[in-house]
Amino acid sequence: MSDVKIGIYGGTFAPVHIGHIRSAFAFLSACNLDKLFIMPNFIPPHKSTIQGDDPQTRLQMLKIAFSELPFYNDKIIVSDFEVRNKETSYTYKTLEHFKFISNDLTLLCGTDNFLTLEKWKNFERVFELAKIAHIVRPNTIDESDDILLAKEIYISKYNAQIVDVPMAPVDISSTELREKIKLGENTSMYIPGNVRMFIDKYNLYR
Ligand code: ATP
């Protein structure tokens, strides 16, 4: 086992957008990572409510987004680990797998995910296995007190290690983008052009 600094960035990424891409690069540099695994989760088909949401499609969009960026970075790996396992993805299980590779794991969470950590399956194990990197995600309501309180609880109750990742806020979500795509609107400010071409080619989110 090594002490290679590994970052894990999981999500649904339906579709991947500029908030995800900027977060990945901010995470890479704030935590000085050696490798960053970007990992779409597996959602069993019967649980998925989004058309165009199958795991292989989301994986493919991430690969296109990260391999064809002008600022390509070979520390970033789009991983099929959770998709390949074909079972509901649990973060603690993924971290247990990566623990075989390194002792130094950090998991990235945007604010919405960060505030729900105590609801995750075996969340105490998540805190044991990895540091948590938090990136602020804009919301219509001010969540700064909630964030502070959550941090205090995670540290005092579960001995969590929390890292703040600075990033200028990016106010966009996949939900909003699916709506824009459905309406045939331009998304060039939010989705890389090659990903949007893929979305249009396969008529996703229509
Ligand atoms: P949806 O609208 O479908 O819920 P999403 O935009 O929230 O999608 P996810 O795939 O659920 O995207 O998010 C994966 C991770 O990226 C989560 O930790 C989430 O908090 C974070 N994230 C998503 N969008 C942003 C953003 N604009 N800024 C910072 N973090 C973000």
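These questions and answers walk through a predicted model.

Visitor: In which order do the strands of the open sheet stand?
Guide: The sheet is open and its strands pair in parallel. From one strand to the next, the twist averages 25°. The 6 strands follow the order E3-E2-E1-E4-E5-E6.

Visitor: Which strands stand at the edges of the sheet?
Guide: A strand at an edge has a single partner strand, so one side of that strand is left without a neighbour in the sheet. This holds for strand E3 (76-78) and E6.

Visitor: How many bridges join strand E1 to strand E2?
Guide: Strand E1 covers residues 2-11 and strand E2 covers residues 35-40, and the two run parallel. Across this pair, tyrosine 9 stands opposite isoleucine 38 in E2. The number of bridges joining E1 to E2 is 6.

Visitor: Is phenylalanine 13 buried or exposed?
Guide: Phenylalanine 13 lies in the loop between E1 and H1. Its phi is near 55°, a positive value in a residue other than glycine. Buried means under 20% relative accessibility. Because phenylalanine 13 is at 3%, it counts as buried.

Visitor: Which peptide bond is cis, with omega near 0°?
Guide: The loop between E1 and helix H1 (18-30) holds proline 15. The cis bond leads into this proline, running from alanine 14 to proline 15.

Visitor: How far apart should the ends of helix H7 be, at 1.5 Å a residue?
Guide: Helix H7 has 15 residues, 144-158. The span is counted as 1.5 Å times one less than the number of residues. In the model the end C-alpha atoms of H7 are 21 Å apart, which agrees with the expected span of 21 Å.

Visitor: Where around the axis of H7 are its buried residues?
Guide: The buried residues of H7 are Ile147, Ala150, Lys151, Tyr154 and Tyr158. They cover an arc of only 100° around the axis, so they lie on the same side of H7.

Visitor: Which elements do the buried residues of H7 pack against, and which exposed residues does the face turned away carry?
Guide: The buried residues pack against helix H5 (111-114), helix H6 (123-129), strand E5 (131-135) and strand E6 (162-165). The face turned away from the buried side carries the exposed residues Asp145, Glu152, Ser156 and Lys157.

Visitor: Which residue just after H7 takes a positive phi?
Guide: The phi in question is about 60°. The residue that takes this value is asparagine 159.

Visitor: Which residues does tyrosine 92 touch, not counting those up to four places away in sequence?
Guide: Tyrosine 92 is found in helix H4, residues 91-99. At 11% relative accessibility, tyrosine 92 counts as buried. The residues touched by tyrosine 92 are Lys121, Asn122, Arg125, Val126 and Leu129.

Visitor: Is asparagine 122 buried, partly exposed or exposed?
Guide: Asparagine 122 is found in the loop between H5 and H6. Its phi is positive, about 50°, although asparagine 122 is not a glycine. Buried means under 20% relative accessibility and exposed means over 50%. Asparagine 122 is at 42%, so it counts as partly exposed.

Visitor: Which side chain does a polar contact of 3.0 Å join to that of threonine 187?
Guide: Threonine 187 is in the loop between helix H8 (174-182) and helix H9 (193-201), and at 2% relative accessibility this threonine counts as buried. Leaving aside neighbours within four places in sequence, threonine 187 is in contact with Leu177, Lys180, Ile181 and Arg196. The polar contact joins the side chain of threonine 187 to that of arginine 196.

Note on methods
Residues numbered from 1 in each chain as written. Predicted model: local features only at pLDDT ≥ 70, side-chain atom pairs only at ≥ 80, totals over all residues. Heavy atoms only, no water. Helix = DSSP H or I, 4+ residues; strand = E, 2+ residues; numbered from the N terminus. Buried < 20%, exposed > 50% of the residue type's maximum accessible area, 1.4 Å probe, protein only. Arc of directions from axis to C-beta. Contact = heavy atoms within 4.5 Å. Polar contact = N/O pair within 3.5 Å; in protein donor to acceptor, adjacent residues only side chain to side chain. Pairing = 2+ DSSP bridges. Axes fitted to C-alpha atoms, helices over the stretch in contact; angles between N-to-C directions.
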